[in-house]
Amino acid sequence: MSKITIIGAGNGGVTAAYHFSKIGHDVCLYDQVEFDKQIKAIEESGGVKAIKNVEGVNLILHGFEHIKKVTTSIREAIEYSSMIVMIVPSFAQEKLFELMLPYLSNNHILFSMPGNFASLVLENKRKKMGYNDLEMTYVDAMTIPWACRLFEPGTIGIMGIKEFIYAGVLPKNKESQVLNKINEFFPIEIKALSNVIEAGFENINFGGHPLITTLNIGLLENFKGKFNYYSDCVSPATDRASEKMENERIKIGADLGLTLKSELDMMNSLYNSDAKSVYEFNKTSVTHGKIHSAPDSSKSRYITEDVPNLLVPIYEFSKLLSIHAPIMESCIRIASAYNDVDYFEEGRTFEKMGFSHMTKDDILDYVNK
């Protein structure tokens, strides 16, 4: 039995607390006091409920699980366990890391799901804040395992779970030791990637969220997201546009020495399917077709999370490598216009990752040592 601290009581965090507890581990679930709705509900009921069905749709892993500890004290959360699983939007990762820093030790492992280059941004933050004696170990996952939703405080629904997920470790030389430790408690296998840069490049939301949302935003806003996102918003034409942006990502990765999977190959692997196209996968996926949960605004996380924290850093690499990425650039520009934000400046830039004055070789040496 392991002790695990989970930072973030959103969809993924509450589901992780439930699932880790279900398979016999002790969990401490934390969120900030200003976002304590889930914490209060779980504290009152003693645990998390996973519902059996919704709107006639059967869900998986249903039941009720006691959660060992819930708290709004960051000190209590960090002192509870040396294994910290952070499942929060990328924009919250830095703020929460700043709160953690006074209580972190060299024994702590910070596992971000998804990472979206978190290890690079947070390590740069550690240095800038003067915690020179702290030797952190970071793990960046390329996604979370569950397709899940919060239906009410303390109540989740789990539509599906992946066969496995990939992750990168910083520093690289701790990869085997750290992933072995995570695989002792994790419900599915965590497989190693080349480095934390590859973990960012392999996030399946890259092709599945920002461009499709951007291309469909008129219908999504006007009809309040009353669609099944994956089956209704992907068409043969949008699939072709997504494939072109996918090719940009794969080309940039190849110049960094990464052999990236296509979105289709990755989705087929993670969900044990054999679709012949992303369009076919989205139309036929049982997991993704269960619940109507399309975005209803340009403020959806499919844009505000994935454009600045996924597309922008990959676009930064395209500039470093002088690789033209017109679809990616167009998506970022249109999303910026939608929300009146310059995501090229506000997103995860090389400056935020600590790469401002580094060459390609410098960066690769840094993440591979």
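**View 1. Eight strands form an open, mixed sheet in this predicted model.** The strand order is 7-2-1-8-9-10-13-14. Strand 7 (69-71) and strand 14 (189-192) stand at the edges. Each has a single partner strand, so one side of each lacks a neighbour in the sheet. From one strand to the next, the twist averages 25°.

**View 2. Strands 8 and 9 run parallel.** Residues 83-86 pair with residues 109-112 over four bridges. Met86 of strand 8 sits opposite Ser112 in strand 9. Helix 2 (residues 37-45) packs on the sheet, where it touches strand 2 (26-30) and strand 7. The directions of helix 2 and strand 7 make an angle of about 145°.

**View 3. Lys95 and Glu34 form a salt bridge.** The N to O distance is 3.7 Å. Lys95 belongs to helix 4 (residues 90-100), Glu34 to the loop between strand 2 and helix 2, so the pair ties together parts 61 residues apart in sequence. Lys95 is partly exposed, at 43% relative accessible area. Glu34 is partly exposed too, at 45%.

**View 4. Glu202 and Arg249 form a buried salt bridge pair.** Their closest N and O atoms are 3.2 Å apart. Glu202 lies in the loop between helix 7 (196-201) and helix 8 (205-208). Arg249 lies in helix 11 (residues 236-255), 47 residues away in the chain.

**View 5. Asp255 meets Lys360 in a salt bridge.** The closest N and O atoms are 3.9 Å apart. Asp255 is in helix 11 and Lys360 in helix 19 (residues 360-368), so parts 105 residues apart in sequence are tied together. Asp255 is partly exposed, at 31% relative accessible area; Lys360 is partly exposed, at 27%.

Conventions. Residues are numbered from 1 along each chain as its sequence is written. This is a predicted model: local features need pLDDT of at least 70, side-chain atom pairs count only at pLDDT 80 or more; totals for chains, interfaces and linings use all residues. Side-chain values use heavy atoms; hydrogens and water are left out. Two strands pair if DSSP finds at least two bridges between them. Helices (H or I, at least four residues) and strands (E, at least two) are DSSP runs, numbered from the N terminus. Axes are lines fitted to C-alpha atoms, for helices over the stretch in contact, and angles run from 0 to 180 degrees between N-to-C directions. Contact means heavy atoms within 4.5 Å. A salt bridge is a side-chain nitrogen of Lys or Arg within 4 Å of a carboxyl oxygen of Asp or Glu. Buried means under 20% relative accessible area, exposed over 50%, partly exposed in between (1.4 Å probe, protein chains only).
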